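Student: Please take a close look at one interface in this model. What builds it?

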Number of protein chains: 4
Amino acid sequence: MIVVMKRGASQKDIDHMISQVESLGLKANVLHGTERTVIAAIGDERVNGVQSLESSPGVDSVMPVLAPYKMASREAHDCTSVVKAGSLTVGGASVGVIAGPCSVEDEEQIVASARAVKAAGATALRGGAFKPRTSPYSFQGLKEEGLKMLATARDETGLAVVTEVIAPEDVDLVGEYADVLQIGARNMQNYRLLEACGRSHRAVLLKRGPSATLDEMLLAAEYILDGGNSQVMLCERGVRTFESHTRFTLPLATVPYLHEKTHLPVVVDPSHGTGHTSLVTDMAKASVAAGADGLIIEVHPCPEKAKSDGYQSMTFDQFDAMMKACRRVAEAVDRTM
Amino acid sequence: MIVVMKRGASQKDIDHMISQVESLGLKANVLHGTERTVIAAIGDERVNGVQSLESSPGVDSVMPVLAPYKMASREAHDCTSVVKAGSLTVGGASVGVIAGPCSVEDEEQIVASARAVKAAGATALRGGAFKPRTSPYSFQGLKEEGLKMLATARDETGLAVVTEVIAPEDVDLVGEYADVLQIGARNMQNYRLLEACGRSHRAVLLKRGPSATLDEMLLAAEYILDGGNSQVMLCERGVRTFESHTRFTLPLATVPYLHEKTHLPVVVDPSHGTGHTSLVTDMAKASVAAGADGLIIEVHPCPEKAKSDGYQSMTFDQFDAMMKACRRVAEAVDRTM
Amino acid sequence: MIVVMKRGASQKDIDHMISQVESLGLKANVLHGTERTVIAAIGDERVNGVQSLESSPGVDSVMPVLAPYKMASREAHDCTSVVKAGSLTVGGASVGVIAGPCSVEDEEQIVASARAVKAAGATALRGGAFKPRTSPYSFQGLKEEGLKMLATARDETGLAVVTEVIAPEDVDLVGEYADVLQIGARNMQNYRLLEACGRSHRAVLLKRGPSATLDEMLLAAEYILDGGNSQVMLCERGVRTFESHTRFTLPLATVPYLHEKTHLPVVVDPSHGTGHTSLVTDMAKASVAAGADGLIIEVHPCPEKAKSDGYQSMTFDQFDAMMKACRRVAEAVDRTM
Amino acid sequence: MIVVMKRGASQKDIDHMISQVESLGLKANVLHGTERTVIAAIGDERVNGVQSLESSPGVDSVMPVLAPYKMASREAHDCTSVVKAGSLTVGGASVGVIAGPCSVEDEEQIVASARAVKAAGATALRGGAFKPRTSPYSFQGLKEEGLKMLATARDETGLAVVTEVIAPEDVDLVGEYADVLQIGARNMQNYRLLEACGRSHRAVLLKRGPSATLDEMLLAAEYILDGGNSQVMLCERGVRTFESHTRFTLPLATVPYLHEKTHLPVVVDPSHGTGHTSLVTDMAKASVAAGADGLIIEVHPCPEKAKSDGYQSMTFDQFDAMMKACRRVAEAVDRTM
């Protein structure tokens, strides 16, 4: 940690800061520059109260040097971890593909979707039973009934089931039916939920919050890892920016950036990341080219009738064509799909 | 709702869209423009599946006309609602002031803080017992023990207690000790928590998510109102932007905008909104001038020793000076404080 | 254009709005909804004063229906235009590659760079002679001397020269030496410069401003097209968001979005778009996969000694490896490179 | 400047970096931490090539310690500078008020506006003659004819004239008629224009670019100061964020932040900052409360007929009421108006 003192900070301020730094168990190195004094604090700066030093007298700013996460760090494990859950593998040479409707609407819809996405090459089925919805007047999902339909679809196709869990008290129930617990973007910093998933033996797909920094996403993952669950996949699904032509802005540089910083595998969601079906295929191809370890794609038998997210859902035919196109790109980057 | 058809959409596409609109219970008006055909759908467009129409053939975009919220709307109640909870009143001529430390750290700290902020004119005490923290390695709060200390501070001073609840299963427990349940920014779209607060008889302070739109905040409030709890205060605490000199960007135009659109009273948090103690007083004054119904301010006996948020906390003296300055501004806008 | 009236707008307000709409040469259609009245204005809404109608009595909002640009529109020309300038072709089956240093520093540097990027497969040379720099204390470029060095490098290699022009009075001079005039991100809305480039016979590479919407970029292109110059390439180079791990956020969905809306070809700049050399190759591959018609890449003989942008510049070897990797992706999307 | 080395950087990398730092004229201090080595470079880090060191082997990141601007710094002059131009004074105890239409449309309009705003208490007249417009099809201003009308309005009222200059070649012409040269948001980084204004003897109002950081704004000011013109006012006019309810997001914390960092006075533009007339008064009051040294406000005889920006323009009566309201707030913060 580097403490930059204000121009004109007094010796008393500097001495005070040295004692503060030392009281946190760190070693203080004082450097007198031409314009400012800087105090470099050596040691594990991931301790409580470090940022509060900005309110000490004569301090201009406090700049951390170390990444705030540990277990998620690439320094802890210098290759991409492979997460397996039933038919789904993410993090190896093959790109995992999770596909299916936004919401489970009825058994026919989810089973038909499972069959179609499997035929096209998907390795897991997505479908929401517990739906976090912006408006209380929107369809909230079929809940346990929906989970049962997902299990039926798995029985029919062998596809692993990925479904969202929105509250800690549901983790066990959802875990009974699902192979992968999805933590949605709005819950990325729902710490009680992260802790409950940390205690689960199910793999977790952690979606990035729409304004979360990558450090915050990695710290959210750290909650799960720290709870004892090492089966964590990260998911970039777009961030909120001034751009209004797409529903979110999908920053694919996240993929290589995370591959440098963490061993956790990275999935991309081009459906939410664009919000328009017509843009999904090109962004899926780009995701694979950027090195994504997995894709998660919304597919619906009839998008215009979908109870949620129809505008960004693919038909079965569109998804099949997307898979063919992505497979060629995967080969061009030495992956399979 | 306005459905804009693509240039060159066929009559078949238009007829199909008319039938889709009518199947949602809306009346379709077709307008043939010089370049495009537009279909205006008349009726209550707040129904499931409206946005999915964007995936129908020949459709360019779907533009809603009505606000998506109802009970929170100013149209439902054309004056600012007054929320009362113990010593705190927000929404009337007097500006409510909630002040205290970020976290309850020990009894002496919270009682001393309560006394100091009351002496300076605060009308409620803030202090976190359950702390949502970005890192699992940070101080997580004293939990029920902290709630008891808050109750002690209320007993000593008469100040209403405002404290955060981070999970639905804690709502009853927190409600036993607190006068106001605070829903933090990271939980603004934790719908299970919103629903639990909707069933509580305690007033709720709902903080804006750092990338939530104002419509999303009003829909989050709608969950609480729809659950039967009408005692809701909204809180602007800053949004995430490219600006890095301040921790968040505090958009005060939120205040008059919300006063136009909703009857719920509006509180501003200049501590989180700036992230630097030195900027808090000016932004508190600006908040009052912009018409805020309340302020929430972080105050700590010794900010540099704070277990959280010291960099944005005021000392007792700084808070006292801030109150004096704000009181003058309040009078200049015909409010008291 | 759709004018949404406020709830409770009077008949007088509605009549007034009808006359206003008609005074702009548009036809007014009044639709009485269950909650609000809407006036659909039919005709070419790209006229002065339309947005000012929002201040008329009883008006809630004015929503445009038509895109504001015309000549740049895909509706004006329904396939991607091919721009040719010397050795560079952008918009056809082959992906154009513009590479070279941020700034021309001396003749040896630019000639060596030109040879190296040509050997690796680049089809044009980039290099700045007039440098717009954030700080007045930074290297401002070699100006005409730099242009001459670029011309020498072209003579040596046959590569077309792409270089930035920062002021209207320099357009003729730069056009004497360059094959393509680059308009930098900071000048995207420098209208006098756009007009001067519109009068030039040189092709133009128009970079997106860091917070420009895509409509604003297309309107900037419209200035050039409207001036008589149809040789315009658009360039996505990243936008400014809350993300701080990368210097800008590179939203590749821009590529397919622009291909839907405009006939102008689209180039991507992953060097500025990421700001870190280690992320450039993966984002170049992703750009090609997303359908980019061209790439522009910073390459320097010795990045750590670069007078500008060293942190995002590739060495010759890194660029050669990037080209090989991108070529495979190009083939996977039926392009050459 | 602090250079953070990667974990596992070799001694050779460290030695190389020391020599690079020294070759820039800085002194290198090596600090071996528990996890990483850090090199603190002492001296004036505002030299070319510093950021390029990020591409040296073994380097993780380079963090500047010093602000990049000098002449604009508060450290250079520790009180707010007072800028005077005719009837306008900005930076003293009195809050300067610049008001008038977005565009000069005809002599009657600008003279009537000047009289009305003067009667209400404005101390300068605004009005655009050269208009930078997003679309080439929008009204581009009356140019020199408009400047003459502004001069007539000054003759009639005595109000100083503030008007925009959009190209370096116009600086002399505009300076003949205007008291203050306004540099618009889109031209904040038009360096040739900044340099031309630096050579002018007219005061300059420099507006913040919609995605410019405050460091970038201060460096833009530095270009003008460095050119010899010390009469610079900074103007916050809102930044671009995900927020769509207001046209821009007006971050008033800019005011106290700039007052800490620079001696240049700060003006706020709540008209552009909100984009809606109904929000302007509250934000003007908030600006004054936050410590703004000046306001710039759009006022039009008939906003719904305005050729530009009618939606955010006030009528004469609205402006008069705003002035009365702001004056009370000014007094509450010990200013006059």
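Tutor: The answer below deals with the interface of chain A and chain C. The model is predicted: local features need pLDDT of at least 70 and side-chain atom pairs count only at pLDDT 80 or more, while totals for chains, interfaces and linings use all residues. Residues are numbered from 1 along each chain as its sequence is written, chains are lettered from A and ligands numbered from 1 in the order written, and side-chain values use heavy atoms, without hydrogens and water.

Chain A and chain C each bring 37 residues into contact (heavy atoms within 4.5 Å). The area buried between them is about 2,900 Å², with 65% from carbon and sulfur atoms; buried area is the accessible area (1.4 Å probe) lost by two parts on being put together, summed over both. In chain A, the residues that lose the most area to chain C are A:Phe242, A:His245 and A:Arg328, together 22% of what that side buries.

Four salt bridges are counted between chain A and chain C (a side-chain nitrogen of Lys or Arg within 4 Å of a carboxyl oxygen of Asp or Glu). One of them joins A:Arg208 and C:Glu243, whose closest N and O atoms are 2.4 Å apart.

Helices here are DSSP runs (H or I, at least four residues), numbered from the N terminus. On the side of chain A that touches chain C, helix 6 (214-226), helix 7 (254-261), helix 9 (277-289) and helix 10 (316-332) each supply at least two residues. Helix 9 of chain A gives the most to that side, with seven residues.
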